[in-house]
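Dear colleague,

Here is the structure I promised to pass on to you, with the sequence alongside. My notes on what was found in it follow below, and I would be glad if you read them with the model open.

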Protein chains: 2
Amino acid sequence: MSILIKNVIFNNKKKDILIESNEIKKIDNEINISADEIINAKESKAILPGFINCHTHAAMTLLRGFADDLPLNEWLFNRIFPAEEKLTNEDIYWGTKLALIEMIKSGTIFINEMYLFRGIEGVACAIEEMGIRAVLGICTDDFNFEKVKEFKIPQNTDLIEYAIAPHAIYTAGEKVLKWAKEMSDKNDMLIHMHLSETNKEVMDAIEHYGKRPVNYLNDLGLINDKCIFAHSIWLNNDELDILDEKGCSLVYNPSSNMKLASGVFRFEEIKDKRINICLGTDGSASNNNLDMIEEMKMGALLQKTNDIDPTSGKSEDMLKIATENGAKALRKKTGKIEEGYLADLILIDLEKPHFNPCYNLTSSLVYAANGDCVTDVICNGKLIMKDREIEGEKEVFEKVKEISKKFI
Amino acid sequence: MSILIKNVIFNNKKKDILIESNEIKKIDNEINISADEIINAKESKAILPGFINCHTHAAMTLLRGFADDLPLNEWLFNRIFPAEEKLTNEDIYWGTKLALIEMIKSGTIFINEMYLFRGIEGVACAIEEMGIRAVLGICTDDFNFEKVKEFKIPQNTDLIEYAIAPHAIYTAGEKVLKWAKEMSDKNDMLIHMHLSETNKEVMDAIEHYGKRPVNYLNDLGLINDKCIFAHSIWLNNDELDILDEKGCSLVYNPSSNMKLASGVFRFEEIKDKRINICLGTDGSASNNNLDMIEEMKMGALLQKTNDIDPTSGKSEDMLKIATENGAKALRKKTGKIEEGYLADLILIDLEKPHFNPCYNLTSSLVYAANGDCVTDVICNGKLIMKDREIEGEKEVFEKVKEISKKFI
């Protein structure tokens, strides 16, 4: 399979880009060869690396807008958890498909996913069918641990790499965490985990373990450069030093943190450390969408207002955490447009008001645009969205409508 | 001219809506009469009142993304002001058209506009051509006051009502402010003004006048229920009491306030007063778009994170300030869908991931959607956008591209 993209705007210049198999083969002023698929961007589309969403619970699309504007405990314990109990594994498959459609339509080609362990086979199936990449976390806690331990981890595929996802220190005890560490060491698996999302989590750790979450995890030997910690808001300087020394990845989730009033990620203080900052939307029950372009704007504006400094949260930093930093965390040669990189690319429509005029594409993308500017998506060398059309979209909406009736 | 909208979702039910002349004539389960235009929404579109953007500088679209992530003074004095000097009055006409296209495409049908006085005729012309409503502020300050005084205020039209817009207390001195008050009294004109956007503005007022901005304006007799004050962030309780007693309108500008790190509007403390809170995007040099749906989300999330309370900034409050409160401030019978109200309506596409599933339309609109969900726009009884197509859009983009070259 080869794709030739003609007359596309790349770094402010008109270029042709050739994709062969799953790789960016050539970038040049003009490439005139035959290809299985030719896309003529007519200088009205720009090309960007696809977005990498480093913290998702895809099937929570099923609970989008089901409960909002509530105190955290009421939202989680009285609304979300009871609703999740009603979800069948098939529902999770359809909810994941819905999420992937929304993600592809807003330019995401790679996710760091964790959701209810019991639904993991449906999640994997949905990902393979929709054609984007995922690091798929095997989500474990004290309740499901016995089942998880018996789970035969599937082989990684071209698109899916399995990771260990101990949910959080308040749901997964020492036994689970130590097992996660062993599995990660033995099989070279990434670890995906919630960390210090709320101040309560920190206070509880001090009460139960006599130490803060990062110290607790570090003393268990769990912290290393394979760790991707979501949220990571309530960290003190000593904890940051540990995460820095170990070269961890932290995921900034601005919309979710704002919507749930969790607190503010210390972006400017962290960004020059060895810590690798990524961007994520979280699940769509606490966002409520999966639009990485909107997430970049939220991420930038939240930092400015919190630091009382308009130079905080620069647009180019947001684009970096949404692309190449995500690739670094998830250990794939993607997130950049260079010959030899994976062909995980998106085209965006410059004939929208948001890109007119366009003095600086990154600024226009982050501050003016939204996910609907994405016209075409290529992942692993395959064209998975063309002119905003994705196969099977309507069927998914209909299935989801049926599923949603059990919550009304 | 009559428009019949069939099978549209209104308050969660399928309805037919008849528009005659510029009015909502009838809302019923089924209306079977002939009409000049029939739109069949096929139960896949919902109808909402069009949005009312209560603080805009439309032609600043020309400077969208021209300067970002800079300290406020550098941004304003070294970048924006010098660029504005290069704008011809014709440029302002085209920049306004660009803004109006973006606004219509994201569902706005009414704006409270102020921009450079010298361009006002072009602005009026663009508004009439594009067909949305405006309160058009005659923007005055110490520099242009002699010219403004001589300006013969045009007759109001079906779409445009003129207002007095003294820019701010730091640009318009006592003489200008007193004249504004006289004009407003004599001609029953609204007053549109920036107020207490930054703490510096307040500190300077105390230094120069020995009092805070609201006290200063109140002592000049300027404050009454015809006043619409943009930003209004740095107000103390005494100032809020004055604004409350006088029944003023205040405009919440969340994106701009976040992007310029101006501070946070005290939404929850103000919302139960007689003060009428409206929503605005500000100009697109400090936002950088004009999308009222995104603005509602920003507005909600900023309050939650600032108050450390997920129940602050509820979605239904955001929809109210973006519609009916704007109508109240601008004194038009719009912002609601009821028989006898002006036919200022938008249709939104429910076949997008953001509305699937849909437990609560307001939540989905505010937290999940963006302006691109708007498919059709009716203003003053006329269909000004059909299936996202607006006449003359391409020409405007081309003109603007030409104009933007002088800034590169």
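Helices here are DSSP runs of H or I with at least four residues, numbered from the N terminus. Please keep in mind throughout that this is a predicted model.

By that numbering, B:Glu201 lies in helix 6 of chain B, which covers residues 199-209. The residue is buried and yet has no salt bridge, since a salt bridge would need a side-chain nitrogen of Lys or Arg within 4 Å of a carboxyl oxygen, whereas the nearest side chain of opposite charge, that of B:Lys200, is 9.4 Å away. Leaving aside residues up to four places away in sequence, what B:Glu201 touches is B:Ile169, B:Tyr170, B:His194, B:Leu195, B:Ser196 and B:Pro213.

A second residue of chain B that you may wish to look at is B:Cys125, which is placed in helix 3, residues 120-130. Its relative accessibility is 35%, and because the partly exposed class lies between the 20% limit for buried and the 50% limit for exposed, B:Cys125 counts as partly exposed. Its C-alpha atom is separated by 37 Å from that of B:Asp28, a residue 97 positions away along the chain.

Turning to chain A as a whole, 15 helices and 16 strands are found in it. For its 408 residues a compact globule would have a radius of gyration near 22 Å, and the 21 Å of chain A agrees with this; along the principal axes, its C-alpha trace spans about 65 × 45 × 45 Å. Of the 408 residues in chain A, 66% are buried, and among contacts with a separation of 6 or more, 74% join residues that are 24 or more positions apart. The accessible surface of chain A comes to about 14800 Å², with 46% of this belonging to carbon and sulfur atoms. Chain A carries 50 positive and 67 negative charges, and the mean positions of the two sets are 2 Å apart.

Within chain A, helix 14 (residues 361-368) is mostly covered, with seven of its eight residues buried, and among them are A:Leu361, A:Val366 and A:Tyr367. The buried residues of this helix pack against strand 5 (45-49), strand 6 (51-56), helix 11 (292-307), helix 12 (315-322) and strand 14 (345-349) of chain A, together with helix 9 (254-259) of chain B.

With best wishes

Notes. Residues numbered from 1 in each chain as written. Chains lettered and ligands numbered in written order. Predicted model: local features only at pLDDT ≥ 70, side-chain atom pairs only at ≥ 80, totals over all residues. Heavy atoms only, no water. Helix = DSSP H or I, 4+ residues; strand = E, 2+ residues; numbered from the N terminus. Buried < 20%, exposed > 50% of the residue type's maximum accessible area, 1.4 Å probe, protein only. Lys, Arg positive; Asp, Glu negative; His and termini not counted. Contact = heavy atoms within 4.5 Å. Rg over C-alpha atoms; globule rule 2.2 N^0.38 Å. Areas by Shrake-Rupley, 256 points an atom, 1.4 Å probe, with all protein chains shown as cover. Charge placed at Lys NZ, Arg CZ, Asp CG, Glu CD.
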